[in-house]
Amino acid sequence: MASNRERLFAASDVIEAGAWRAELRNDEIADINYAGVPVVRGIRAVVRDRDWQTLVPVVRAVERSASAEGLRLLLEVEFDGFSCQYNAALSIVFSADSLVVVFEGESPADFQSNRIGLVVLHRPDDAGRDVLIGGRSGDLTPSRFPVEISPHQPFQNVASMQWQRDGVDCNLAFTGDVFETEDQRNWTDASFKTYSRPLALPFPMDVPAGSRVSQSVTLTAPTGQEPKPETSRVEDLAITSDVVSVVPALSMPVASTLEPQAESGVLQGVESVLVELVAGAPKVAELAKQAAEQAKALQVPLDVRISAETPDQVPGLLQLVPSRNVARLGVFHSTSHVTEPDLWKALKSAADEAGLTASLIAGARSHFTELNRNAHLLPSEAEALVYSITPQMHATEVPHLVESLPMQRLTARNALRISGGRPLHVGPVTLKPRFNAVSTSGGLDGTAEASCDPLQAEPFAAAWMLGSIAALSIPGIRSISYFEAAGPCGISSSTGLTPAGNILSSIAAQRGRNILGTQGSRRGLVLYPVQAEDGIALYAANLTAKRKTESVQLPDGTSTDLVLEPWTAIFQHIPVERRTT
């Protein structure tokens with residue numbers, strides 16, 4: 001698809017002005033560096049509707065000029081989506097010691113919104129860094145970016161921020177509204193975000209036609225500091241004989257569109273078939289039946305997740321499951337998306353009544369966010385915890401999707417901290433949200449069109465999934481569930497398995513085997529070496545828009561060459577007796 005290629009190979013403009021360096025990616029000023037030091041992940045404008053859905057920004061025109069003051073960019077941006085529109089002008093000025101971004105927006109029609117304006121994305125490696133928060137009244141409060149993922153806003157009433165990175169003193173100043181900061185790592189975004197309109201204020205807000213919003217962000221740094229030369233040493237890539245973890249069990253959800261999996265696309269090796277039974281959802285009985293049939297065909301158990309509003313709905317939903325072969329059983333509230341005490345009690349009673357011996361699990365049906373914020377509600381007798389992952393809660397651009405991968409490992413480590421030693425079952429893991437967990441209008445569960453990414457059938461989905469499996473393969477992760485069995489969100493089509501399905505099937509067959517350690521790194525390269533009986537099963541992915549050719553040293557002193565096309569994943573079997581380079 002042409003639109004997929006546009007996303008995967010999106011154009012970017014490198015901006016260099018004095019000691020400043022950044023990339024202009026559509027409307028985002030990304031990877032902002034000063035004097036060779038990375039200082040801010042990005043600055044951009046966002047418009048979100050009443051259900052926190054992000055309108056897509058389209059840059060209609062870019063005007064570029066230089067003067068004695070510095071380099072100036074003027075962007076004309078239109079935001080569109082979800083039956084809403086918004087127009088804005090972004091002025092971006094790089095001078096000797098400052099970067100000033102000014103947002104001037106106007107609504108062409110009435111609509112309701114939860115947020116309009118500028119956001120600053122702070123780097124995830126600012127975690128633990130001291131920062132001085134300036135309030136609206138001029139007060140200064142010493143604070144620190146949180147190390148563990150913060151369930152709630154670490155900084156509020158923000159008018160300015162001061163911090164230091166590698167000898168560079170950074171200062172941010174905000175005008176036009178009251179700002180606050182949230183920890184976006186909760187949603188696997190690789191950033192802390194400072195934004196306006198505090199969440200304590202009522203939302204959604206009415207936005208009349210012709211109403212305007214004016215905001216600015218000013219980032220300053222020391223004048224005249226010389227850029228630092230690059231001194232980083234490129235390490236050789238190597239696979240070691242160290243065992244770092246084991247391959248977790250992989251499972252898949254049944255197709256929500258009730259599309260049968262094609263015979264040519266049957267996925268072997270999965271640990272279970274996951275089915276979500278939502279009270280009041282259409283065709284929920286048919287979904288339960290298809291999941292049971294698929295599990296029987298694959299000779300694996302079911303993983304049943306119930307979503308209910310009231311305890312009395314739980315027994316009826318459980319009765320829809322025609323199979324008693326259930327490995328795991330969980331329940332979540334339809335609105336809070338977490339396991340609440342009364343629903344847990346109802347689940348235990350219904351499971352006993354049905355004679356099920358399944359492992360009872362608890363947690364969040366949605367993001368790690370809800371697990372993090374509601375850990376106190378979770379039953380202590382739950383045998384394991386669960387939460388889901390999607391990288392597109394806030395941004396849909398491919399760089400943001402790729403940057404989410406190390407954040408997935410961070411959420412898993414934090415979830416293991418919350419679990420107190422109990423194992424985790426992560427998933428479903430999907431490219432787009434399965435439903436809107438923060439909707440204010442009640443439209444929670446999404447349609448296939450809204451919840452399935454067109455990139456699903458592309459090799460990119462396989463590369464991204466391999467990066468996710470590598471990130472989540474840590475001790476304590478018992479299983480991971482990816483995508484769906486078939487349909488637009490699936491790992492199979494009428495012609496067979498998709499690229500993601502082929503990788504998933506291959507790794508699923510490695511369950512329980514040792515994962516070997518690696519040394520060295522390359523941007524966008526994923527290495528996942530598994531100890532096989534007769535050698536090494538090496539999975540590799542290229543999560544960049546450029547072809548990669550790499551040589552990887554092996555534990556026996558030999559090496560293997562990898563050639564990876566952009567946005568692809570490959571599998572290479574390396575026999576033990578191999579001795580040539």
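**View 1. The exposed side of helix α4.** On one side of α4, four residues are exposed: Pro341, Lys345, Asp352 and Glu353. Everything in these views comes from a predicted model, so treat each close-up as a look at a prediction. The helix itself runs over residues 341-354, which makes 14 residues. From its first C-alpha to its last, α4 reaches 20 Å, close to the 20 Å expected at 1.5 Å a residue.

**View 2. The buried side of α4.** Now for the other half of the story: which residues of α4 are buried? They are Leu343, Trp344, Ala346, Leu347, Ala350 and Ala351. Because these residues cover an arc of only 160° around the axis, they end up on the same side of α4. A bit of helix geometry helps here. An α-helix has 3.6 residues a turn, so residues three or four places apart point the same way.

**View 3. What covers α4, and what comes after.** Several elements help cover the buried residues of α4. Among them are the strands β22 (302-308), β23 (326-333) and β24 (359-363), along with the helix α3 (313-319). Step just past the end of α4 and you meet Gly355, which takes a positive phi of about 75°.

**View 4. A cis peptide bond at Pro204.** Zoom in on Phe203 and Pro204, and you'll find them joined by a cis peptide bond, with omega at about 5°. Where does Pro204 sit? Look in the loop between β16 (192-196) and β17 (205-207).

**View 5. A cis peptide bond at Pro428.** Here the cis bond runs from Gly427 to Pro428, and its omega is near 5°. Pro428 is part of a strand, namely β26, which spans residues 424-429.

**View 6. Asn26 and its positive phi.** Asn26 isn't a glycine, yet its phi is positive, near 60°. You can spot Asn26 in the loop that links β2 (20-25) to β3 (28-34). Is Asn26 buried, exposed or partly exposed? Its relative accessibility is 34%, so Asn26 counts as partly exposed.

**View 7. Ser83 and its positive phi.** Ser83 is another residue to pause on: it has a positive phi of about 65° although it is not a glycine. Its home is the loop between β6 (70-81) and β7 (84-94). With a relative accessibility of 83%, Ser83 counts as exposed, because that label goes to residues over 50%.

How values were computed:
Residues are numbered from 1 along each chain as its sequence is written. This is a predicted model: local features need pLDDT of at least 70, side-chain atom pairs count only at pLDDT 80 or more; totals for chains, interfaces and linings use all residues. Side-chain values use heavy atoms; hydrogens and water are left out. Helices (H or I, at least four residues) and strands (E, at least two) are DSSP runs, numbered from the N terminus. The expected span of a helix is 1.5 Å times one less than its number of residues. Buried means under 20% relative accessible area, exposed over 50%, partly exposed in between (1.4 Å probe, protein chains only). The arc is that of the directions from the helix axis to the C-beta atoms. Contact means heavy atoms within 4.5 Å.
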